[in-house]
Amino acid sequence: MASHNLNISENVLSWYDRHRRHLPWRAAPGAQADPYLVWLSEIMLQQTTVATVKTYFEFFLKTWPRVTDLAAAPLDDVLHAWQGLGYYARARNLHKCAKVIATEHDGRFPNNESDLLGLPGIGPYTAAAIAAIAFGQKASPVDGNIERVVARLYAISEPLPKSKPKIVEMAQSLTPDKRVGDYAQALMDIGATICTPKKPSCSLCPLSDSCKATSTAVPEDFPAREPKKQKPTRRGTAFWLVNSEGEILLRRRPEKGLLGGMIEVPSSDWREGKNSLKKAFDEAPLTAAWEKMPGKVRHTFTHFHLEIEVVSGTCSADQSIDGIWCRQTEFHQHALPTIMKKIVAHALKHTQ
DNA sequence: TATACGTGGTT
DNA sequence: TAACCAAGTAT
């Protein structure tokens, strides 16, 4: 068993030496990776593709070259730089973590899995990934790629997430003692490029000789998953309020929860069931002669669909209202999540 | 253990 | 087109 696993890890590392991709956060072959770059990339890569992350990563690194620079930045700047990347709690925790590193750890990341695990935004996967990739500590990060590779390798039929502990255990038993960072990245690369969710390229896979799913089943059937729940649809009304200076009212969302800390076009609560403009007006930032714009803005979040109706209204410039009065040319200065960019685009299209 | 939490690309 | 899912974490 042990020698068999050794054979597998050697095949994986040999594949990596031949197919290693250059990514902006990766060190040159044999060189020590920078913990700041590894951490930053790992947080961005949570539930996010490499292609999407690249430009954000470059921008963050250019803007905040060291973790202490990031720690010194205002949270709103970090959220602004994160806009469009999603899961905004990651940006809030990223900033919180940077401040902890700067103030309590002398600007240096802890070099072991258990201390890393105690930091904001760092869970079991990320702690293991940083320990292995940045510090060469033996650890077994298990992300969605490695989950899939291992589930196929052993043809694990029990569905996720129940099978997760078993998969982690198998992943740990496969982890070699040397080149643990390269090994972890290799397994993830194999999952991302060969052992793909659909139409895997088993003929190119360095694990195919050992893969139980390849020899006895259909690889695409793994990993098994519990059936997904259907997404409900929530509906709401957004208020496009223009003052006599031609400025639009925006406001900052509460610090916690959905799109926490991000900037929004003021809107009613989003609830399941039919949207009632009449009821929505009670939640408007002020009483105005609201006029409904044609059409709806649609967006899908992780756990619900959203339909927004946009209404427009006007008020005088000296109205004292809680929020940010913003010229159209200044929208880009604010941390607008994608749904809000859609609402802005919709409103501009209908206010010409 | 289950749910909240974004977005964009692929099929 | 609707579903799937991508280097998960917090609560």
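**Pockets and the DNA-facing surface**

A polar backbone atom of Leu259 sits 2.6 Å from a phosphate oxygen of DNA strand B. Like everything that follows, this contact comes from a predicted model. Two further phosphate contacts fill in the picture. At Tyr88, a polar backbone atom lies 2.7 Å from a phosphate oxygen of the strand, while at His303 the partner is an N or O atom of the side chain, at 2.8 Å from a phosphate oxygen. Two elements, E6 and H14, each give two or more residues to the surface near DNA strand B.

Taken as a whole, the surroundings of DNA strand B comprise 20 residues, and the closest are Tyr88, Lys229, Leu259, Thr302 and Thr338. Sorted by class, this surface holds eight nonpolar, 10 polar and two charged residues. On the DNA side, sugar or phosphate accounts for 65% of the strand B atoms within 4 Å of the protein, and bases make up the rest.

The second largest pocket brings back some of these names. Its space amounts to about 450 Å³, and 23 residues line it, with Gly86, Tyr87, Tyr88, Phe301 and Thr302 nearest the centre. Helix H6 (89-104), strand E6 (297-300) and helix H14 (338-349) are the elements that give two or more residues to this lining. Of the elements, H6 gives the most, with three residues. Tyr88 and Thr302 thus appear both among the residues nearest the centre of this pocket and among those closest to DNA strand B. Both domains take part: domain 1 (2-221) and domain 2 (233-349) each provide at least three lining residues. The class make-up of the lining is nine nonpolar, 12 polar and two charged residues.

The largest pocket encloses about 830 Å³ of space. Its lining counts 28 residues, and Leu45, Thr48, Asp143, Gly144 and Asn145 are the closest to its centre. Four helices supply at least two lining residues each, namely H2 (35-45), H8 (124-135), H9 (144-153) and H11 (180-193). H11 gives the most, with five residues. By class, the lining is made up of 10 nonpolar, nine polar and nine charged residues. For readers who like to set the two linings side by side, the charged count is nine in the largest pocket and two in the second largest pocket.

Definitions and conventions
Residues are numbered from 1 along each chain as its sequence is written. Chains are lettered from A and ligands numbered from 1 in the order in which they are written. This is a predicted model: local features need pLDDT of at least 70, side-chain atom pairs count only at pLDDT 80 or more; totals for chains, interfaces and linings use all residues. Side-chain values use heavy atoms; hydrogens and water are left out. On a 1 Å grid over the protein atoms alone, a cavity is a set of points where a 1.4 Å probe fits but cannot get out, and a pocket is an open set with protein on both sides within 12 Å along at least five of seven lines; lining residues have an atom within 4 Å of a point. Grid points are joined across faces, edges and corners, and a volume is the space filled by probe spheres set on the points. Ala, Val, Leu, Ile, Met, Phe, Trp, Tyr, Cys and Pro count as nonpolar, Asp, Glu, Lys and Arg as charged, and the others, Gly among them, as polar. Domain bounds come from an automatic or database domain assignment. A residue is near a molecule or strand if one of its heavy atoms lies within 4 Å of it. A polar contact is a pair of N or O atoms within 3.5 Å; within protein, one must be able to donate a hydrogen and the other to accept it, and residues adjacent in sequence count only if both atoms are side-chain atoms.
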